[in-house]
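Visitor: I would like a guided tour of this model. Short questions, short answers, please.

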Amino acid sequence: MVGPTASLSNLSRADGSASFKCPTTGYKILGSVNAPVELPGRRDALKPEEATVEVFIKPGNTTAGVGERYVEGIIRTMLQKLILGRERGFPRRGVVITLAIVGGGAIARGDSYLTLLPSLLHTSLLALLSGAVPMSMTYSTALVAVSKSNVIISNPTLVEAKAASSLHVLAFSSKGHLLLNESQGRFDFDTWKTVQQCAHALCRGVDLPEVDGDIAMEAQGDSGTAEGFVRETVENHLYRDYAWKIDTE
Amino acid sequence: MSKEAPLSIAEREFILEALRQDSRLDGRTPDQFRPLKISFGDEYGHVNLELGNTSIIVRISAEVTKPRDERPFDGLFNINLELSAMGSPAWENGRPNDVESSVTHVLDSVIRHSNALDTESLCILKGVSCWSIRADVHVVAYDGNLTDAACIAVMTGLQHFRRPDAVVRDGQVVVYGVEERVPVALNITHKPLSVTFFAFNESKNIIVDATLKEEQASEGELVIGINNGGEMCFMNKFSGATINAREIVTRTSVALEKVKDLNAQIDRAMQADLALRAKRGMAEESRAENDR
């Protein structure tokens with residue numbers, strides 16, 4: 001299977017930026033982060049001790065509507081908890097994340113926005129990392145669909161997602177904790193449990209037994225997982241950035 | 001409202017003094033554009049344009065809608081430009097600013113009102129259905145001369161875009177998918193582009209394609225929209241210092257020369273891309289093996 005592709009710091013004016021392409025859904029997202037910036041005219045909304053996180057999604061060929069506002073809300077609440085907004089220079093300032101959908105089809109009115117959510121989350125994470133915004137942890141996300149015959153499809157295509165009986169987006173922190181769960185459709189708890197295991201395997205590799213508390217260290221940073229992908233992308237970028245230093249050593 | 005970081009006095013003086021001696025910060029002549037780079041995305045009408053450090057993505061899309069009641073023979077065409085914090089930290093998401101309204105005004109006048117896209121050809125069935133063409137302009141990085149860059153990008157997108165074929169059969173509108181019938185190009189009547197001039201030193205120095213720093217140091221601007229045939233479709237002297245009438249006449253011929261050159265560059269980029277697509281499409285068709 002072809003994995004996703006991403007590149008970091010490709011915009012000149014933004015503090016941090018990233019582009020991300022998801023091969024199964026075909027979406028290509030361009031993300032930028034400006035942080036910390038002044039947010040004038042919003043004095044009342046600013047919190048005195050924390051940074052304000054703002055997320056803005058710009059659809060490729062429609063005007064932003066209810067769907068975008070809804071996903072913005074999900075991403076904002078999640079990132080607000082991860083970004084260390086009390087670091088020096090951040091309180092009373094803004095972390096402005098702008099995500100533009102620059103490739104792939106438009107989401108028609110009434111269609112699910114969950115297919116787009118993992119790409120948006122990955123792009124914002126990569127952009128935040130490229131902008132060196134302090135965060136308490138990183139994360140990885142996966143989209144899982146459950147078909148009408150109760151078959152679990154990991155990384156579904158748009159056609160599969162449309163036909164599915166339920167759609168799930170799960171995000172796991174770098175320590176393996178569940179950070180976000182957005183589900184849509186009809187399903188029972190057992191199905192959700194298997195979905196969760198499947199998503200965990202997609203994000204972080206083999207599911208580890210927790211009974212004896214042993215953690216297999218080799219499983220960490222496994223390439224092919226969503227988390228491994230984020231790590232590899234950032235690592236490659238750092239190698240390129242520090243080529244001058246590595247060469248002189 | 002946020003603002004771009006202003007020029008320091010020394011920087012401004014440097015730019016002005018350099019122009020007095022007929023040179024620019026990046027070594028261009030007054031009538032020279034920055035290198036223009038046009039590339040295309042996977043789908044038709046997706047243009048990535050770079051003019052120096054200014055970078056723009058344009059996506060053209062089409063959908064079938066009902067025409068307006070007062071114009072049953074006309075299709076719809078809209079240019080949508082929304083500046084976001086991606087292009088420049090000084091722009092706030094979801095809040096229109098001065099740059100946005102002025103660029104939208106120029107784009108509308110030069111491309112839409114000059115009828116560069118023949119909207120009558122977008123009509124499918126009188127008063128019932130027509131194509132609505134939408135051009136979305138995403139400004140990805142801003143380093144001056146947004147107007148001309150956006151204008152070039154939208155015109156390139158319109159020429160590159162292919163809409164699905166639609167026919168009327170027994171009073172029913174049938175839209176064919178891209179696989180069923182070869183999609184059709186839009187009907188472009190002429191190819192107007194805008195050229196923005198910036199004036200310095202009591203309008204003694206007038207330059208094209210200013211960078212952000214030059215724009216900040218300028219005294220006034222002049223926008224000329226003109227097509228390959230030398231027909232002027234837009235002229236505006238928005239604000240700032242006065243420009244001599246004779247100067248405007250000479251600038252018009254400069255603009256014509258620039259537009260001819262830019263249109264040639266657009267054509268070259270587009271022919272290269274279409275040739276590539278034709279080859280790829282052919283390879284797909286003539287492949288002996290199949291997916292099984």
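## Confidence first

Guide: The mean pLDDT of chain B, the predictor's confidence in each residue from 0 to 100, is 91, and 96% of its residues reach 70 or more. This is a predicted model: local features need pLDDT of at least 70, side-chain atom pairs count only at pLDDT 80 or more, and totals for chains, interfaces and linings use all residues. Residues are numbered from 1 along each chain as its sequence is written, while chains are lettered from A and ligands numbered from 1 in the order in which they are written.

Visitor: In chain B, where is confidence highest?

Guide: Helices (H or I, at least four residues) and strands (E, at least two) are DSSP runs, numbered from the N terminus. In chain B, strand 9 (residues 172-175) has the lowest confidence, at a mean of 88. The highest, at 96, belongs to helix 3 of chain B.

Visitor: What mean pLDDT does chain A have?

Guide: In chain A, 92% of the residues score at least 70. Over residues 217-221 of chain A, pLDDT stays under 50. The average for chain A is 87.

Visitor: What are the ipTM and pTM of the model?

Guide: Both scores belong to the model. pTM is 0.90. ipTM is 0.87.

## The two chains

Visitor: What radius of gyration does chain A have?

Guide: Chain A has six helices and nine strands. Its C-alpha trace spans about 50 × 50 × 35 Å along the principal axes. The radius of gyration is taken over C-alpha atoms, and the globule rule is 2.2 Å times the number of residues to the power 0.38. For 249 residues a compact globule would be near 18 Å, which agrees with the value for chain A, 18 Å.

Visitor: And what is the radius of gyration of chain B?

Guide: Chain B comes to five helices and 14 strands. The globule rule gives 19 Å for 292 residues, and the chain B value is close to that, so chain B is as compact as a globular protein of that length. Its radius of gyration is 21 Å.

Visitor: What percentage of chain B is buried?

Guide: A residue is buried if 20 or more other C-beta atoms lie within 10 Å of its own, exposed if 12 or fewer, and partly exposed in between; C-beta atoms are placed from the backbone. In chain A, 43% of the 249 residues count as buried. For the 292 residues of chain B, the share is 39%.

## Core and interface

Visitor: Which helix gives the largest share of the largest nonpolar core?

Guide: A nonpolar core is a set of buried Ala, Val, Leu, Ile, Met, Phe, Trp, Tyr and Cys residues joined through C-beta atoms within 7 Å. The largest one has 133 residues, and Ile56(B), Leu107(B), Val137(B), Ala150(B), Ala153(B) and Val154(B) touch the most other members. The largest share, nine residues, comes from helix 3 (residues 146-160) of chain B.

Visitor: How many residues of chain B are in contact with chain A?

Guide: Two residues are in contact if their C-beta atoms, placed from the backbone, lie within 7 Å. On the chain A side, 22 residues take part. On the chain B side, the number is 23.

Visitor: Which strand supplies the largest share of that side of chain B?

Guide: Strand 3 (54-65) and strand 6 (129-141) of chain B each supply at least two residues of the side that touches chain A. The largest share, five residues, comes from strand 6 of chain B.

## Backbone details

Visitor: Which residues does a cis peptide bond join?

Guide: Omega is about -15 degrees at this bond. Pro36(A), one of the partners, lies in strand 3 (residues 28-37) of chain A. The pair is Ala35(A) and Pro36(A).

Visitor: Is Asp22(B) buried or exposed?

Guide: Asp22(B) sits in the loop between helix 1 and strand 1 (36-40) of chain B. Its phi is positive, near 60 degrees, in a residue other than glycine. There are 9 other C-beta atoms within 10 Å, so Asp22(B) is exposed.

Visitor: What is the phi of Glu202(B)?

Guide: Glu202(B) lies in the loop between strand 11 (193-200) and strand 12 (205-208) of chain B. With 11 C-beta neighbours inside 10 Å, Glu202(B) counts as exposed. Glu202(B) is not a glycine, yet its phi is positive, about 50 degrees.
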